[in-house]
Amino acid sequence: MPLSPSALTLRALMTDPAAAGDPWFEQSYLTASDLGTLLPYAYRTVGSGHTSISARFVVEDAVKERQPSFTPEACADLFLALVDGLPERKWSNLPLAAAALVRCPGGPPHADLAEPARELVRFHLAANRVEHPHALLVVAGLAGLDEEVAAVLKGGPGSIAVGEIDLLLGWEAERRALLAEVTERNYGCPPPLPDAWERLAAIPEYAAFARSALEAADARVAAIHAGEIPYRADRAFDDEEKNVLGRAVRLALRQDELWLPDLFDRLVRGVAVAPTAARTLPSQGLLYEMARAAVEFPTPEAIAALRAAREVTRHASVPKRLDRTTKGIERALADRAEVAFRMPDLGFEPGGRLRVPLGGHAAVISVGDDVELTWWQGDKQLKGVPAAVRRDHADEVKRLRDLTGQARRQLTTLIRALEAGFPGETTHPYATWRRLAGHPIAGTVARRLIWEIEVSPGRRVSVLGGASDADIAGITGVAPPPDAPVRLWHPARASLDDVRAWRERVSEERIRQPFKQAFREIYPLTPAEERTGDYSNRFAAHVVDYRKLYALFKQRGWAADMLGPWDGGRHGEAQCVLAGGRWRASFFHEADDSGEHATTDQVRFNHNENGEWRQVALTEVPPLVFSEAMRDVDLFIAVTSIATDPGWADRGDGHRDYWHTAAFGPLPPSAEVRRDAMARLLPRTAIAERCVLTDRYLMVRGDLRSYRIHLGSANILMDPGDVYLCVVSAPDAADDVFLPFEEDGRLGLILSKAFLLARDSEIEDESILRQIKG
């Protein structure tokens, strides 16, 4: 295939010292075939001139982000380029060779690759350095040097890893390259093929090996706990075995194998706790590797098993790390709708209640906003476990407490998975949704959420999850078929009247939703963002507490490196992958000189197209992907901005101007929703006659003065004179007010401050009184 004009320019810049031109043009002009042809030239370009090196970087950067395609000639040329300069160059990129082979349709004749492959293998064996065993096996298969390589690779690892090597030795080089694709990446390699695991799962002998490897690991851990194998902390499996088992788990999770859940549960529990009283464990590495596998291919059973492992481990740092990983698994579960709703009923009755008689008493586990275990004697609820029950039924008390925790964890998993499904607009068949709504535990979540049912092409109706088939038929005129698509309702897709109606119903019926839905913020694209094109400055130039921001990144599933006083450490990019890996949002930020604060910058979006990330214009981003990503960014700023620190006004810091502007400025969407909720709540409160809502303030009339509470920052100004009043917290006088949501605590805080100031003549705190009277 002939090179494009852009590729011809780059080739000339890398090969002709007299060539002139600017290599820094848009990479999208290069085709996949261009990249495959140019890569050998880039690999040979070493320090021959500024322009040639720049052209090389353009090619290498494009390859790392996209999927090159190799003709047989280009693949053979890359192998020759990898050999050029050996051994003086002292390194060679074997994973890149394997990646080229698996991206070469039809493959080059092995005879064309045999000689450079032999040189590559001998170079690595002579260096006594095997960093990429699978890629080495790929090249060894082309070179006819399997025996020499196998002798080296099988000399160190344990039996499970050796078993995988023996399997690969029976495969041709192209099939080995497929396994290298999911195991070994190196600098300069393209992104993994998006269908690599699918193609690997289609190889029956590898699927069989995966099961046998996990069964062997399970047997070894059981033998350690039985005392048949001496216990050594973190030595149950070597590094290569851990990697092999990680691949086996990924394959089985991806295939959702029926035999896996019980084995997975036994294995993670077994490696999480020592057979002795020690605070160590048989294999911390395998435990974390299995958790990472579940992030890639999540199932509810894997989450439950990892939580059980968290409970039994005695190692101090393991629970915290598993908690972080489990949140990632729950978010990823949203993109596997076919398994996300799998939940055992645990013996609960319809309505989320389980009653267990114990002598003259009874234990009741009830599911509502939370899962609660209570104790009863007849119709009287007791304050705690009766002494007789604790004495005579200790095992049953423990079982019921464990069951309460298990039900609570199931609800947490379901709630996080459902909310994470918004950007991908996850849908479920009507029959599956009805089973969810009728489930004794999951139904307590589904019934408090609003759902959309597609009753005919393009026509959807919204209902609460507690609606019966008859209710739905009454609305639609006909019962939906079992395969009718059902999805969560989102205000960004609804009319203004529909949003108002649902917010009113949720407030009137005091429905506390599992996550903010009726009152969810929406972020439509603005004219300013249409003009900037591929980035948004909507949340730029805010000053935030950096450590709080970094912690919130982790909590909300955004990946980011810690900023610090090292090379490149001032500039940060937090990334979040959405909609099943199809979209990626990037939030840029920069540390200030103090190291305590950061300044926010642009938000950009990339689209994954066949394994390649491509930056796109904001107009190309689906509205729900854009809205949900911007909602997170708004949350980051709302929680971490120094504008929310009521004590900042007294500091002589250089950010004081920003603080005053942001602390009393226009409301972001999150605060607009808070204002809407406040408008519905205030008429039901005892201080309603003393309160007025304006565009950005809740105005409160006290006996001593009048006050304005900013609905974004919760900061207070006193009239007359716009005098700042510092109130860090207020008594929980608003506890009896029903709040339809409370995501960051600001709604309750504003109401508590309003109750306090409406009765300012009753305030006893001298620090507040001095400000009011002064």
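Two rings of Phe, Tyr or Trp (its six-membered ring) form an aromatic pair if their centres lie within 6.5 Å; planes under 30 degrees apart count as stacked, over 60 as edge-to-face and the rest as tilted. Such ring pairs link F553, W558, F587 and F636 into a cluster.

The structure is a predicted model, in which local features need pLDDT of at least 70 and side-chain atom pairs count only at pLDDT 80 or more, while totals for chains, interfaces and linings use all residues. Residues are numbered from 1 along each chain as its sequence is written, and side-chain values use heavy atoms, with hydrogens and water left out.

**Aromatic rings**

Searching the whole structure yields 16 aromatic pairs. One of them is the edge-to-face pair of W197 and F297, with 6.0 Å from centre to centre and 80 degrees between the planes. W197 belongs to helix α11 (residues 196–201) and F297 to the loop between α15 (284–296) and α16 (300–312), so the pair ties together parts that are 100 residues apart in sequence. Helices (H or I, at least four residues) and strands (E, at least two) are DSSP runs, numbered from the N terminus. W197 is buried at 13% relative accessibility, and F297 is buried with a relative accessible area of 13%. Here buried means under 20% relative accessible area, exposed over 50%, and partly exposed in between (1.4 Å probe, protein chains only).

Arginine side chains also lie over rings. A charge sits over a ring if NZ of Lys or CZ of Arg is within 6 Å of the ring centre and within 35 degrees of the ring normal.

| Arginine | Ring | Distance from ring centre |
|---|---|---|
| R175 | W171 | 5.3 Å |
| R321 | Y288 | 3.8 Å |

**The sheet**

Four strands form an open sheet in the order β1-β2-β3-β4, with antiparallel pairing. β1 and β4 (380–382) stand at the edges with a single partner strand each, so one side of each is left without a neighbour in the sheet. Two strands pair if DSSP finds at least two bridges between them. β1 is joined to strand β2 (residues 361–367) by six bridges, and V356 stands opposite A363 in β2. In the hairpin of β1 and β2, two residues lie between the strands, and G359 takes a positive phi near 65 degrees.

Which side chains of strand β1 (residues 353–358) are buried? L354, V356 and L358 point to one face and are buried, whereas R353, R355 and P357 point to the other and are not.

At the other edge, strand β3 (residues 371–377) and β4 pair in the antiparallel sense over three bridges, and W375 stands opposite L382 in β4. K383 is in the loop between β4 and α19 (387–392); this residue is exposed, with a relative accessible area of 91%.

**Nonpolar cores**

In soluble globular proteins, nonpolar side chains tend to be buried together. A nonpolar core is a set of buried Ala, Val, Leu, Ile, Met, Phe, Trp, Tyr and Cys residues joined through side-chain atoms within 4.5 Å. Of the 157 residues in the largest nonpolar core, F264 and L287 touch the most other members. Helix α20 gives the most to this core, with nine residues. Apart from this core lies another of 43 residues, among them F519, M718, V727 and I750.
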